Amino acid sequence: EFDSAESATQAALALAPDDAGTLALLAAIKLRQGDPKAARSAAEAARSAVPDHPEAMAVLAAAALADGD
């Protein structure tokens, strides 16, 4: 269930809001929940912290495909 994963991820971000790994995880969760715009937003935030973050870049690509870009 992605709702509980999202809740746990949001709790982790409350403690470390700029953690690239946690932001990338949130991006992946949002993508799985069918929200590519929120996924892109979280992935971009992860890339702001770590520009070459591989998971964030992968989610950005998948979100673009989901949006038809």
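Q: Let's start with the overall build. How many helices and strands does the protein chain have?
A: A good way in is to count the secondary-structure elements. In this predicted model, the protein chain has four helices and zero strands. Reading along the sequence gives the pattern α-α-α-α.

Q: How do I judge the overall size, and what radius of gyration does the protein chain have?
A: The idea is to compare the radius of gyration with what a compact globule of that length would have. For 69 residues that would be near 11 Å, and the protein chain has 11 Å, so the two agree. You can also look at the box filled by the C-alpha atoms, which is roughly 35 × 30 × 15 Å along the principal axes.

Q: What share of the residues in the protein chain is buried?
A: Buried means under 20% relative accessible area. Of the 69 residues in the protein chain, 32% are buried.

Q: And what can contacts tell me about residues far apart in sequence?
A: Here you take contacts between residues at least 6 apart in sequence and ask what part of them spans a longer stretch. In the protein chain, 46% of those contacts join residues at least 24 apart.

Q: Now the helix pairs. At what angle do H1 and H2 pack?
A: For a pair of helices, look at the angle and at the distance between the axes. Helix H1 covers residues 2–15, and helix H2 covers residues 20–32. They pack at about 155°, with axes 10 Å apart. Angles over 145 degrees count as roughly antiparallel, and H1 and H2 are therefore roughly antiparallel to each other. H1 passes H2 in a left-handed crossing.

Q: Which residues of H1 and H2 meet?
A: From H1 come Phe2, Ala5, Glu6, Thr9, Gln10, Ala12 and Leu13. On the H2 side they meet Thr22, Leu23, Leu25, Leu26, Ile29, Lys30 and Arg32. Sorted by class, this contact has eight nonpolar, three polar and three charged residues.

Q: Lys30 is on that list. Is Lys30 buried or exposed?
A: To decide, check the relative accessibility. Lys30, in helix H2, has 15% and therefore counts as buried. Leaving out residues up to four places away in sequence, Lys30 touches Glu6, Asp35, Ala38 and Ala39.

Q: How are H3 and H4 arranged, and at what angle do they pack?
A: The approach is the one we used for H1 and H2. Helix H3 (residues 36–49) and helix H4 (residues 54–67) pack at about 155°, and their axes are 9 Å apart. H3 and H4 are therefore roughly antiparallel to each other, and their crossing is left-handed.

Q: Which residues make the contact of H3 with H4?
A: H3 brings Pro36, Lys37, Ala39, Arg40, Ala43, Glu44, Ala46 and Arg47. H4 brings Ala56, Met57, Val59, Leu60, Ala63, Ala64, Ala66 and Asp67. By class, the contact has eleven nonpolar, no polar and five charged residues.

Q: What about the loop between H3 and H4: is His53 buried or exposed?
A: Loop residues are read by accessible area too. His53 lies in the loop between H3 and H4. With a relative accessible area of 11%, His53 is buried. Beyond residues up to four places away in sequence, His53 touches Ala20, Gly21 and Ala24.

Q: And Ser48, is that residue buried or exposed?
A: Ser48 lies in helix H3. Its relative accessibility is 64%, so Ser48 counts as exposed. Ser48 and Ala20 are 28 residues apart along the chain, and their C-alpha atoms are separated by 8.1 Å.

Conventions
Residues are numbered from 1 along each chain as its sequence is written. This is a predicted model: local features need pLDDT of at least 70, side-chain atom pairs count only at pLDDT 80 or more; totals for chains, interfaces and linings use all residues. Side-chain values use heavy atoms; hydrogens and water are left out. Axes are lines fitted to C-alpha atoms, for helices over the stretch in contact, and angles run from 0 to 180 degrees between N-to-C directions. Helices (H or I, at least four residues) and strands (E, at least two) are DSSP runs, numbered from the N terminus. Angles under 35 degrees count as roughly parallel, over 145 as roughly antiparallel, 65 to 115 as roughly perpendicular and the rest as oblique. A crossing is left-handed if the near helix is turned anticlockwise from the far one by less than a right angle, and right-handed if clockwise. Contact means heavy atoms within 4.5 Å. Ala, Val, Leu, Ile, Met, Phe, Trp, Tyr, Cys and Pro count as nonpolar, Asp, Glu, Lys and Arg as charged, and the others, Gly among them, as polar. The radius of gyration is taken over C-alpha atoms; the globule rule is 2.2 Å times the number of residues to the power 0.38. Buried means under 20% relative accessible area, exposed over 50%, partly exposed in between (1.4 Å probe, protein chains only).
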